[in-house]
Every structure is written in structure tokens, then in C-alpha cells.
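Reader: I'm new to this, so please pick one buried side chain and walk me through its surroundings. Then show me some residues that sit differently.

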Amino acid sequence: MAYFWPLILVVASNSVYHICAKSLPESVDPLASLTVTYLIGSIFSGILYFVTNRGGANLLYLLGLAIVGLEAGSMHAYKAGWPVSAFQVSSAAGIATILVFIGYLVYHEAITVNKLVGLALCLVGLFFLNK
């Protein structure tokens, strides 16, 4: 279970996130929404930090910028008309493609035939999802 609970948490949280982001009224500014969302997230994260008493990590500023980019990009995508059923899958396939090569170049992970076939299937799936 220790292997699968993070995946379950990410899938559940990401699903709730995309439903909320897609459901925001047109009148709500995405950056105002991010400000309130991250204020609440910061408070909750701070409480969890003190409860679990874990140490800090490097690159937190870059991670913070990346998270804001993720959220702002998603909200703007929905405002631009992306369907909730296609945007996340499209972005995840792009991320998977990039990370296969970053994994190889930076972390010396193997690029296997299975990974390449999986990426090809993702691209074929994207074609059909976005058609």
C-alpha cells in the first residue's frame, strides 16, 4: 500500500482540482483564485509540516514557481475552452514524454521499448481525444 497511496492521493486531488478549476465562474480572475487557493494551501501545509516535523528541501523557490505555473496554466486553459476531459490527459502525455528523456539524461533511467510504445500510444490517444 505504501507504493500506491501517493498515486491514489495525486489522482484524487488532481481530479478534484480540475473539477474545481473548470467550474470557476468566468468572472473569477485566475490569479485571484490562485492567491486565495495558495493562502489556504500554505496554511494547511504549514500545519502538516509542524504535525509531521519533517525537515526542509532544496529548490523550494523553483518548486513554488512551477506549481503556480501549473495552476495558472490549467485555469487559463479552461477559460480558453479546453474540455476537462482532454486538457489533463493532453498535458500529462506531454509531461510523460519530456520526463522519459529527462529521466534518461539526468537520472540515467533506461529508455525501454515498452516506454517508447507507451509514449506512442499516448500520442495516438491524444489524437483521438482531441479530434
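Author: First, a bit of vocabulary: a polar contact is a pair of N or O atoms within 3.5 Å; within protein, one must be able to donate a hydrogen and the other to accept it, and residues adjacent in sequence count only if both atoms are side-chain atoms. What you see is a predicted model, where local features need pLDDT of at least 70, side-chain atom pairs count only at pLDDT 80 or more, and totals for chains, interfaces and linings use all residues. Residues are numbered from 1 along each chain as its sequence is written, and side-chain values use heavy atoms, leaving out hydrogens and water.

Let's zoom in on His18. You'll find it in helix α1, which covers residues 5–23 (helices are DSSP runs of H or I, at least four residues, numbered from the N terminus). His18 counts as buried because its relative accessibility is 5%, and buried means under 20%, exposed over 50%, partly exposed in between, with a 1.4 Å probe and protein chains only. Its side chain makes a polar contact with the side chain of Asn14, at 2.9 Å. Leaving aside residues up to four places away in sequence, His18 touches Ser74, Tyr78, Val84, Phe87 and Gln88, where contact means heavy atoms within 4.5 Å.

Now for the others. Leu99 lies in helix α4, and at 48% relative accessibility Leu99 counts as partly exposed. His108 sits in the loop between α4 and α5, and with 68% relative accessibility His108 counts as exposed. The backbone has a quirk there too: phi of His108 is near 60 degrees, a positive value in a residue other than glycine. Most residues other than glycine have a negative phi.

Conventions. Helices (H or I, at least four residues) and strands (E, at least two) are DSSP runs, numbered from the N terminus.
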